[in-house]
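Biologist: I would love a close look at the aromatic rings in this protein. Could you walk me through them in one go?

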Amino acid sequence: VTVSEVLDDLKPLKAGEGSFFATPYNKSTSEYLLNSHIRNGLDFTTQHIARPNTEQDKEIYRIAINKWNKGERLDYNELPSRLKTHKNTHSFVDRFKVVPANLPSSQTVVAHIARDGHYYIHPDIEQNRSITPREAARLQSFPDDFYFEGVTEKPSRTAAFKQIGNAVPPLMAEAA
């Protein structure tokens, strides 16, 4: 199964769209999502909310996705100078990374994903955004009915991303 298949039935979103609360699926489920218990009987999921991205970020994301679709990763030094915001051109030149839709796994989901959204660009150029907490949770194999609590009364993408990135993927734990 590919990353694209893991994310395929989730509602497409643009930057800044979505909801912490009940969000219906875009289409019926796959055999993998049923067998892995990611989709487990509900007709909705939660925490499928995209962070807002600036126009500059979205322009860089389009460049990164187009390069990825040609089999290449974006090197920060290849960006037009008007899009560069960092003077460091020697370290972290892979700071904009597309989640690989056509591969059977993504890069490691880490706790600081809340601050590093550029490292997790959604592979669909039409959506042109970083991934949502629900998409990160799916990459880690969390079931769709698992709700990540915030550290405050208000729902928080940051708290959800931290919990997802710090967790052992449930399917890996089950196999151990």
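To start, over which ring does the charged end of Arg95 sit?

Modeller: Happy to help! This is a predicted model, in which local features need pLDDT of at least 70 and side-chain atom pairs count only at pLDDT 80 or more, while totals for chains, interfaces and linings use all residues. Residues are numbered from 1 along each chain as its sequence is written, and side-chain values use heavy atoms, with hydrogens and water left out.

The charged end of Arg95 sits over the ring of Tyr76, 4.2 Å from the ring centre. Here, "over" asks for NZ of Lys or CZ of Arg within 6 Å of the ring centre and within 35 degrees of the ring normal. Arg39 has its charged end over the ring of Tyr25, at 3.4 Å from the centre.

Now for rings that meet rings. Searching the whole structure gives five aromatic pairs (rings of Phe, Tyr and Trp, the last by its six-membered ring, with centres within 6.5 Å; planes under 30 degrees apart are stacked, over 60 edge-to-face, and the rest tilted). Tyr119 and Tyr120 have ring centres 5.5 Å apart and planes at 75°, so this pair is edge-to-face. Tyr120 is buried at 1% relative accessible area, while Tyr119 is partly exposed at 24% (buried is under 20%, exposed over 50%, partly exposed in between, using a 1.4 Å probe and protein chains only).

Phe146 and Phe148 make a tilted pair, with 4.9 Å from centre to centre and 55° between the planes. Phe146 is partly exposed, with 39% relative accessibility, whereas Phe148 is buried at 3%. Together with Phe142, Phe146 and Phe148 form one aromatic cluster.
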